[in-house]
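Work through the following exercises with the sequence and the model side by side. Each task is followed by a solution that proceeds step by step.

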Amino acid sequence: MFLKADATSAVSAWDNNIDDPPHGNPPLSDILTPTGAATCGQVGSLSMETFRAKPDDAAEVVASLKGLHHRRPPTVQAMAGMLSSDDFVLLVCTVEGRPVGFLQAELLDRLDGERMLLVYDIEVAPRDRRHGVATQLMETALDIARQASV
């Protein structure tokens with residue numbers, strides 16, 4: 001999926017494919033904290049938080065992926081290398097500290113000189129699906145695209 005900062009309809013178009021009524025999460029701009037973490041909303045009575053992983057998070061991210069990801073996760077060294085790139089984006093959403101979803105994307109240069117954010121992997125733990133986790137991950141990705149002037 002390709003995201004442009006002005007294409008906020010990408011999230012709502014994606015959301016329209018969901019049979020449930022809207023999840024009622026507040027706009028990301030209303031909930032960003034100074035550290036860059038964002039409160040994602042609620043799963044039952046538990047609050048969600050999403051953050052962009054940094055190189056220091058590599059070991060924790062790899063351990064988290066083992067429980068979420070159906071494919072073999074990368075090594076800690078490989079993950080640290082990926083996370084050290086400013087163009088690599090790995091968002092992790094947690095509920096009460098437990099990882100429930102992630103989004104993987106890359107900021108890329110297009111042939112026409114424009115930048116774009118390519119989202120190429122998104123997963124939510126089966127028991128946490130249909131609670132707005134993926135929507136919030138996509139909204140956070142859009143926010144990153146806006147910050148990068150994409």
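**Exercise 1: the setting of a strand**

Eight of the eight residues of E4 are buried, so this strand is largely enclosed by the rest of the structure. The model is a predicted one, and the task is to establish which residues of E4 lie on each side and which strands pair with E4.

*Solution.* Begin with the faces: in a regular strand the side chains alternate between the two faces of the sheet. In E4, Phe88, Leu90, Val92 and Thr94 lie on one side, while Val89, Leu91, Cys93 and Val95 lie on the other, and all of them are buried, which leaves both faces covered.

Next, turn to the pairing. Strand E3 (residues 46-52) runs antiparallel to E4 and is joined to it by five bridges, with glutamate 49 having threonine 94 of E4 as its bridge partner. E4 also pairs with E5 in the antiparallel sense, over eight bridges, and here valine 89 has alanine 105 of E5 as its partner. E4 and E5 form a hairpin with two residues between them, and glutamate 96 in the turn has a positive phi of about 50 degrees.

**Exercise 2: the two sides of a helix**

Determine which residues of helix H3 (residues 58-68) are buried and what covers them.

*Solution.* First list the buried residues of H3, which are Ala58, Val61, Val62, Ser64, Leu65 and Leu68. They cover an arc of only 165 degrees around the axis, and therefore they sit on the same side of H3. An α-helix has 3.6 residues a turn, so residues three or four places apart point the same way. On the other side of H3, Glu60, Ala63, Lys66 and Gly67 are exposed. Finally, the cover over the buried residues of H3 includes helix H4 (76-83), strand E4 (88-95), strand E5 (98-109) and strand E6 (115-124).

**Exercise 3: one leucine and its surroundings**

Is leucine 83 buried or exposed, and which residues does it touch?

*Solution.* Leucine 83 is located in helix H4, and because its relative accessibility is 5%, under the 20% limit, it counts as buried. Leaving aside residues up to four places away in sequence, leucine 83 touches Ala53, Lys54, Pro55, Ala58, Phe88 and Leu90. For proline 55, which is 28 residues away along the chain, the C-alpha atoms of the pair are separated by 4.9 Å.

**Exercise 4: where to read with caution**

Over which residues does pLDDT stay under 50?

*Solution.* The mean pLDDT of the protein is 76, and 69% of its residues reach 70 or more. Over residues 1-37, however, pLDDT stays under 50. Where pLDDT is low, the predicted coordinates should not be read in detail.

How values were computed. Residues are numbered from 1 along each chain as its sequence is written. This is a predicted model: local features need pLDDT of at least 70, side-chain atom pairs count only at pLDDT 80 or more; totals for chains, interfaces and linings use all residues. Side-chain values use heavy atoms; hydrogens and water are left out. Buried means under 20% relative accessible area, exposed over 50%, partly exposed in between (1.4 Å probe, protein chains only). Helices (H or I, at least four residues) and strands (E, at least two) are DSSP runs, numbered from the N terminus. The arc is that of the directions from the helix axis to the C-beta atoms. Contact means heavy atoms within 4.5 Å. pLDDT is the predictor's confidence in each residue, from 0 to 100. Two strands pair if DSSP finds at least two bridges between them.
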